[in-house]
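Me: I should be grateful for a close look at a single part of this model. Please treat that part in one connected account and then place it within the chain.

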Amino acid sequence: MDPSLTDTSARSNRSSYLYRLLDAAIVIICGLAVTELKFSDEAMADPPQIHLFLIYLCGLGVIALFPAFRLYVSWRGRRLTDLVVRSLAAWALVFALGILVSFLMHQSAAVSRLWAATWFGSVALALAGVRLAAYTVLGAARDRGLDRKRVLLVGFGALGHDLWRRVERYREAGYEVAGIYAEAHENLPPQVRRLHELDALHGFVRENDVREVWIVLPMEAGQELREVLYHLRNDLVDIRWIPDVMSIQLLGHRIGEFLGLPAIQLNSLPAAGVRGLAKEAFDRAFALCALVGLSPVMLTVACLVKLTSRGPVLFTQPRLGVDGKVFHVYKFRTMTVHQEHGVVTQATRDDARITRIGGFLRRTSLDELPQFLNVLRGDMSVVGPRPHALEHNELYKDLVQRYMMRHRVKPGITGWAQVNGLRGQTDTLRKMSDRVEHDIYYIQHWTFRMDLIIIARTAVSGWTGRNVY
């Protein structure tokens with residue numbers, strides 16, 4: 001075995017143990033300091049022993065449980081926020097277990113609440129501060145060329161070029177591309193050595209002290225990938241395969257497990273699982289509040305629609321919902337009763353079919369208010385891509401790239417496209433393409449904060465628009 005690998009492993013283990021002891025020391029020192037500050041001026045000679053017991057118990061808990069949060073593996077290529085969040089989560093778990101033990105010992109009543117809160121907060125700040133300082137110092141050292149890890153890149157192309165640029169840009173991560181195996185026609189950075197044959201990989205790794213191999217071959221290059229792994233079978237280096245899934249333009253990519261096997265989900269949604277349930281609960285609650293709060297307005301509009309033209313108050317039309325499920329959308333009727341004859345014609349400026357009150361309702365979007373009923377029923381969301389007529393879906397699904405992807409989520413009363421000026425008539429292919437791109441962006445980047453921003457912008461200025469007829 002290569003002696004350098006043994007030395008590196010030994011240094012890594014020593015560093016891991018030192019980091020554990022440092023974190024345990026932070027917990028104990030902060031606990032003792034808070035205890036001294038809390039009880040030094042009080043009449044009792046000594047603080048309740050449960051406090052000292054918790055301090056040392058949590059110190060041992062840090063040594064035992066912190067490694068499960070991957071706090072002591074290599075920090076290269078990891079974000080500082082990830083390290084801080086993991087350390088705070090680990091400390092919260094250890095602290096909660098300590099309080100649980102005191103409860104089981106029937107000693108929780110003797111624990112000072114102020115002492116516990118101050119100790120928890122001081123340790124959290126110290127853990128985050130130490131990691132920030134260490135991350136900054138290590139980054140600065142690696143940026144100056146110290147403790148750099150040499151890497152061999154297998155494959156290039158657009159993904160490999162992007163990876164190489166990231167290595168050059170984030171020099172604080174401590175990587176250096178020593179060589180690239182690529183086809184002869186691919187242009188490589190001038191300062192990087194090119195490998196022409198797979199047979200040369202093994203010798204290059206040994207001669208140049210390469211510690212990691214990054215494979216960026218295209219997903220269809222399965223046979224070549226197996227050959228690479230065969231040539232590196234005797235080299236004790238880290239091998240990462242970075243498949244080019246970003247070139248597949250769907251909604252998102254999530255790596256997980258399926259039936260016990262690793263799987264890359266190419267069409268994953270950010271609003272899924274618990275987050276999806278939370279969004280749906282918010283939608284139902286918001287819709288109920290809106291229907292109650294806007295009921296006087298809706299009753300007034302219903303009366304005006306009924307008194308100014310013949311026909312029903314509400315207009316219903318089939319639309320495509322989540323995952324292709326058809327539902328009927330509700331609106332206040334804004335046109336005279338007429339027959340479409342199987343063709344849906346979008347409203348235009350000075351459209352003769354629009355009633356007197358209908359024009360006002362459409363310009364102010366008051367005709368959309370009954371869709372809160374759709375939200376309450378679960379057919380729609382408050383925020384999401386606007387539902388189009390079924391005939392428009394058939395027309396545009398082959399003309400606009402990723403058009404049908406917008407139906408992976410519930411349609412919305414308002415959306416990212418609408419608050420960015422893409423409301424109303426889509427009489428050109430360009431307008432529809434712009435709307436779809438905004439819808440896809442919303443699906444890929446959804447957060448609760450984004451929903452609240454869209455709702456706020458809609459409330460302020462999103463009810464009207466130049467293209468709304």
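Reply: Strand β1 (residues 149-154), helix α5 (residues 157-169) and strand β2 together form a right-handed β-α-β unit in this predicted model. The two strands of the unit, β1 and β2, run parallel to each other and are joined by six bridges. One pair that can be located in the structure is Leu152 with its bridge partner Gly179 in β2.

Strand β2 also pairs with strand β3 (residues 193-195), again in the parallel sense, here over three bridges. Within this pairing, Ile180 has Arg194 of β3 as its bridge partner. Strand β2 thus pairs with β1 and with β3.

The burial of β2 (residues 175-181) can be stated residue by residue: a residue counts as buried when its relative accessible area is under 20%. Six of the seven residues in β2 are buried, and the strand is therefore largely enclosed by the rest of the structure.

As for the chain as a whole, it holds 15 helices and 11 strands. Buried residues account for 42% of its 469 residues. Of the contacts between residues at least 6 apart in sequence, 71% link residues at least 24 apart. The chain exposes about 26000 Å², of which carbon and sulfur atoms supply 61%.

A residue elsewhere in the chain, Glu394 in helix α12 (residues 390-396), counts as exposed because its relative accessibility is 52%, the cut-off being over 50%. Its side chain makes a polar contact with the side chain of Lys397 at 3.2 Å.

Terms used
Residues numbered from 1 in each chain as written. Predicted model: local features only at pLDDT ≥ 70, side-chain atom pairs only at ≥ 80, totals over all residues. Heavy atoms only, no water. Helix = DSSP H or I, 4+ residues; strand = E, 2+ residues; numbered from the N terminus. Buried < 20%, exposed > 50% of the residue type's maximum accessible area, 1.4 Å probe, protein only. Contact = heavy atoms within 4.5 Å. Areas by Shrake-Rupley, 256 points an atom, 1.4 Å probe, with all protein chains shown as cover. Polar contact = N/O pair within 3.5 Å; in protein donor to acceptor, adjacent residues only side chain to side chain. Pairing = 2+ DSSP bridges. Right-handed = clockwise from strand over helix to strand, strands pointing away.
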